[in-house]
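Let's take a walk through this protein together. Keep the structure open beside you as you read, and turn it around whenever a new part comes up.

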Amino acid sequence: MTDAATATETRDLFSKFDPLINEREALLATGVRDPYAIVMDQVLSPTRAIIKGKETILLGTYNYMGMTFDPDVVAAGKKALDEFGAGTTGSRVLNGTYQGHKQVEDALKEFYGTSGAMVFSTGYQANLGIISTLAGKGDYVVLDADSHASIYDGCGLGNAEIVRFRHNSVEDLDKRLGRLPADALKLVVLEGVYSMLGDVAPLPEMVAAIRKHPNCMILCDEAHGMGFFGPNGRGAYEEQGVEGEIDFVVGTFSKSVGTVGGFCVSNHPKFEILRLVCRPYVFTASLPPSVVATAATSIRKLMHSGEKRAHLWKNSQRLHKGLSDLGFKLGSATPQSAIIAVILTDQMQAVAMWQTLLELGLYVNMARPPATPAGTFLLRCSLCAEHSDDQVTQIIGMFETAGKATGAIG
Ligand code: PMP
C-alpha cells in the first residue's frame with residue numbers, strides 16, 4: 001500500500017484526483033466547514049433538524065411534499081418491517097418480489113394512469129437501467145446538455161451515441177435530430193424540471209419538434225415534478241398537456257414520495273420484457289419491504305394533495321420574490337418550481353454564504369461545477385409544503401443577514 005504522506009507525489013490510479021484534493025485542502029485551510037460533510041444529528045420534522053447542537057431550518061432537501069414524517073406513511077413502514085422483515089436479500093427476478101413491490105407498482109400505475117410500472121432500487125438506477133436497455137450500440141440518445149448524471153451514465157452503460165442539445169433549446173433539439181440518419185432509432189430524454197436552476201422544460205414545443213423526425217421515442221424524467229405539477233401531481237408533462245406523447249416517465253421515491261427508490265412507467269405493450277433484460281433491475285437486491293410500503297402509502301396520499309401543492313407554490317413564490325427583492329441573482333426570472341437557485345460569483349462567496357446561513361440556523365445545498373451548468377456556484381433552496389409562512393419569513397431574513405455579512409448583496 002502507498003504511504004499516505006507520499007500519495008500525492010507517487011503516480012497511481014489516484015493521481016487524477018490530485019487537483020481536487022489540493023483545491024479541497026486549500027478551501028478547508030481557510031477555516032470553513034466542509035459543505036459535503038454535514039451530519040444531521042436529529043431530524044425533528046420535514047423542515048427542522050439538529051445540526052451540531054443547533055436547531056436548523058431545512059431548505060436543502062427534496063422533501064417537497066413533506067411526506068417523510070406523514071403518520072400513515074411511517075405506520076405503513078413499521079407494519080411492513082414487523083410483518084416482512086428488514087430486507088428481501090434478493091433480486092426482483094428471484095426471491096426479491098414481495099406483495100409490497102407489486103402494491104407499489106399498482107399504486108404507480110394508478111397514479112400515472114399507465115398499464116406498466118417497474119420499480120428500481122433508486123432513481124439513479126431507473127435512468128441507468130431504462131436508458132441503457134432501450135438504447136444500445138448504434139442507437140442514439142438525444143439529451144439536454146444539463147441532464148442529470150444518471151441519464152449520462154445510462155448512455156455510457158448502453159454504449160449508445162450521445163447527441164446533446166443546448167439546455168431547453170427547441171431549435172437546437174430540432175437541428176440535431178435533423179442531422180441523424182432517418183432510419184436510426186432514437187431515444188430523446190427530457191427532464192420536466194431541471195434540478196440545478198429549478199427551471200421547467202418547454203415540453204409541448206419540444207414534443208412538436210421531436211415528432212417532425214422519424215423513429216423517436218421520448219423519455220421524461222419527472223424526479224422534481226412528481227407530486228407538485230399537474231392536476232394529478234404526475235409532473236410537468238401532465239401540467240403542460242403532453243401526456244399522450246411521452247413514451248416513458250422515470251421518477252424517484254427520494255423526493256416528493258419521501259423515501260428511496262426509483263421507477264419507470266409506460267403504456268408500451270412490450271414494457272414488461274424490460275424486467276428480464278435490464279441489468280440494473282436484475283443484478284441488484286430489491287427495496288426493503290418497509291420502503292415499498294411507505295412509498296405505496298405516500299403515492300396514494302399524493303393523489304389527494306391539492307392543498308399542500310397550493311401551499312408549496314405560495315412558499316416558492318414568496319421566497320423567489322423575497323430573495324430577488326434583496327438583490328440576489330436567481331436561476332430563473334420567475335418562480336417555476338419548488339427549487340430556487342441563488343447564483344453566486346465564485347466558490348469563496350458561495351461557501352461563505354453557505355456557512356453563514358448554517359450558523360444562523362438555515363441549511364441549503366451548495367452546488368458547484370461539474371454538477372452545475374456553465375461553471376456556476378449555486379446555493380440551491382428547495383421548499384417543502386410543510387414550511388410554514390413564518391419559516392419562509394425567517395428564511396428571507398437569514399438570507400438578508402448572511403448576504404450583507406458576506407458582501408453577496410449590498
Ligand atoms: N433524476 C434526476 C433529475 C435527479 O435529480 C435525481 C436525484 N437528484 C435522480 C434522477 C436520481 O434519483 P435518486 O435519488 O432516487 O437516485
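**A walk through the chain**

S388 is partly exposed, with a relative accessible area of 32%. That label has fixed limits: buried means under 20% relative accessible area, exposed means over 50%, and partly exposed lies in between, using a 1.4 Å probe and protein chains only. You'll find S388 in the loop between β15 and α14 (389-406). Pick out L319 too: 69 residues separate S388 and L319 along the chain, and their C-alpha atoms are 12 Å apart.

Before going further, a word on what you're looking at. This is a predicted model, where local features need pLDDT of at least 70 and side-chain atom pairs count only at pLDDT 80 or more, while totals for chains, interfaces and linings use all residues. Residues are numbered from 1 along each chain as its sequence is written, and side-chain values use heavy atoms, leaving out hydrogens and water.

Now zoom out. The protein chain has 14 helices and 15 strands; these are DSSP runs, H or I of at least four residues for helices and E of at least two for strands, numbered from the N terminus. How does its radius of gyration fit with a compact globule? For 410 residues, such a globule would come out near 22 Å, and the chain has 22 Å, so the two agree. The radius is taken over C-alpha atoms, and the globule rule is 2.2 Å times the number of residues to the power 0.38. Those C-alpha atoms fill a box of roughly 60 × 55 × 50 Å along the principal axes.

What about the inside? Of the 410 residues, 54% are buried. Contacts, meaning heavy atoms within 4.5 Å, often link distant parts of the sequence: among those between residues at least 6 apart, 69% join residues at least 24 apart. On the outside, the accessible surface is about 17,800 Å², with 55% of it belonging to carbon and sulfur atoms; areas come from the Shrake-Rupley method with a 1.4 Å probe, and for residues only the protein chains shown count as cover.

Next, look at helix α7, residues 203-210. Its buried residues are L203, M206, V207, A209 and I210. Viewed down the axis of α7, they fall within an arc of 160°, so they line one face of the helix. (The arc is that of the directions from the helix axis to the C-beta atoms.) Here's the background: an α-helix has 3.6 residues a turn, so residues three or four places apart point the same way. What covers the buried residues of α7? The cover includes β6 (161-165), α6 (170-178), β7 (186-191), β8 (216-221) and α8 (236-239).

Follow the chain out of α7 and you reach N215, in the loop between α7 and β8. N215 isn't a glycine, yet its phi is positive, near 60°. This residue is partly exposed, at 39% relative accessible area. K52 also has a positive phi without being a glycine, at about 50°. Look for K52 in the loop between β2 (48-51) and β3 (54-58); it is exposed, with a relative accessible area of 65%. Another backbone detail sits further along: a cis peptide bond joins P369 and P370, with omega about 10°. P370 belongs to the loop between β14 (365-367) and β15 (377-382).

Three more stops round out the tour. N95 lies in the loop between α2 (71-84) and α3 (99-112) and is partly exposed, at 42%. Setting aside neighbours within four places in sequence, N95 is in contact with T88, T89 and G90. From N95 to T356 it's 261 residues in sequence and 49 Å in space, C-alpha to C-alpha.

V291, in helix α11 (residues 289-302), is buried, with a relative accessible area of 13%. Not counting residues up to four places away in sequence, V291 touches T259 and V260. The C-alpha atoms of V291 and H213 are 41 Å apart, with their positions 78 residues apart along the chain.

Finally, where does E243 sit? It's in the loop between α8 and β9 (248-252), and it is partly exposed, at 33%. Leaving out neighbours within four places in sequence, E243 is in contact with Y112, R234, Y237 and E238. D199 is 44 residues from E243 along the chain, and their C-alpha atoms are separated by 19 Å.
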